[in-house]
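Reader: I would like a close look at the pockets of this model. Please take one of them as the main subject and place it in the rest of the chain.

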Amino acid sequence: MAEQKPEVWQRGPHEGVPDLLQPIAHALLQAREEVEELTNNFPDDLMWKRPAGVASPAFHLQHLTGVLDRLFTYSKEQSLSEIQLHALSIEGDQANTHYTLHELVQLFKKQVDIVVEELKTVDTKTLTHQRTIGRKKIPTTFIGLYIHSAEHTMRHVGQLHVTIKILVGLNTNPSLS
């Protein structure tokens with residue numbers, strides 16, 4: 001049996017990330033590792049299944065990637081691009097999504113890497129500066145966007161975890177369904 005690594009936050013600071021933003025980087029990197037582990041050997045034919053009507057694993061993977069992209073776009077005071085709006089419109093839409101499970105996982109991992117690199121460039125003196133979200137210009141701050149990105153990501157990783165466990169259980173023991 002492989003020795004279990006400590007959680008990301010227990011491994012020390014992530015190089016280059018300001019101290020105040022370490023918890024955000026740790027949560028996102030933890031999510032990255034957990035998604036990779038959860039989806040390892042998970043069959044593609046189950047990725048769109050919705051046991052008891054909950055969101056599918058594919059939706060969670062699309063949403064995880066998209067939310068990080070959108071929140072960090074807002075942190076740069078930019079509007080969402082047509083590509084981002086299209087990606088948002090097809091989250092959970094099997095007919096318009098042509099990625100494999102492996103590709104969705106890779107897109108999420110890449111997005112985590114991108115935003116952790118962005119955290120390294122943040123001037124912590126600006127964390128309380130105002131930012132807005134979306135067309136409605138909902139007020140927030142830099143730190144609000146960053147904390148929500150970590151919190152929201154971990155919430156969906158938890159939901160993904162439960163959904164995958166249920167699907168694997170039902171797949172290995174069909175009498176439960």
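Author: Helix 1 supplies five residues to the lining of the largest pocket, the largest share of that lining. The model is a predicted one, and the pocket is described here as it appears in that prediction. Its space comes to about 570 Å³. The lining is made up of 20 residues, and those closest to the centre of the pocket are Gln4, Glu33, Glu34, Glu37 and Leu38. Helix 1 spans residues 22-39, and helix 5 is the other element that gives two or more residues to this lining. By class, the lining of the largest pocket holds eight nonpolar, five polar and seven charged residues.

The second largest pocket can be set beside it. Its volume is about 480 Å³. Here 18 residues form the lining, and Thr65, Asp69, Ala87, Tyr99 and Leu107 are the closest to the centre. Helix 2 gives the most to the lining of this second pocket, namely six residues. At least two residues each come from helix 2, helix 3 (82-89) and helix 4 (101-119). The class count for the lining of the second largest pocket is eight nonpolar, six polar and four charged residues.

Helix 5 of the largest pocket and helix 2 of the second largest pocket also pack against each other. Helix 2 covers residues 57-75 and helix 5 covers residues 142-172; their axes come within 9 Å and cross at roughly 175 degrees. An angle over 145 degrees counts as roughly antiparallel, and helix 2 and helix 5 are therefore roughly antiparallel to each other. Their contact has 16 nonpolar and ten polar residues, with no charged residues. Charged residues do occur in the linings of both pockets, with seven in the largest and four in the second largest.

The chain as a whole gives the setting. Its secondary structure consists of five helices and two strands. Read from the N terminus, the order of the elements is α-α-α-α-β-β-α. Along the principal axes, the C-alpha atoms fill a box of roughly 55 × 40 × 25 Å. The radius of gyration of the chain is 17 Å, which agrees with the value near 16 Å for a compact globule of 177 residues. Of these 177 residues, 41% are buried.

How values were computed. Residues are numbered from 1 along each chain as its sequence is written. This is a predicted model: local features need pLDDT of at least 70, side-chain atom pairs count only at pLDDT 80 or more; totals for chains, interfaces and linings use all residues. Side-chain values use heavy atoms; hydrogens and water are left out. Axes are lines fitted to C-alpha atoms, for helices over the stretch in contact, and angles run from 0 to 180 degrees between N-to-C directions. Helices (H or I, at least four residues) and strands (E, at least two) are DSSP runs, numbered from the N terminus. Angles under 35 degrees count as roughly parallel, over 145 as roughly antiparallel, 65 to 115 as roughly perpendicular and the rest as oblique. Ala, Val, Leu, Ile, Met, Phe, Trp, Tyr, Cys and Pro count as nonpolar, Asp, Glu, Lys and Arg as charged, and the others, Gly among them, as polar. On a 1 Å grid over the protein atoms alone, a cavity is a set of points where a 1.4 Å probe fits but cannot get out, and a pocket is an open set with protein on both sides within 12 Å along at least five of seven lines; lining residues have an atom within 4 Å of a point. Grid points are joined across faces, edges and corners, and a volume is the space filled by probe spheres set on the points. The radius of gyration is taken over C-alpha atoms; the globule rule is 2.2 Å times the number of residues to the power 0.38. Buried means under 20% relative accessible area, exposed over 50%, partly exposed in between (1.4 Å probe, protein chains only).
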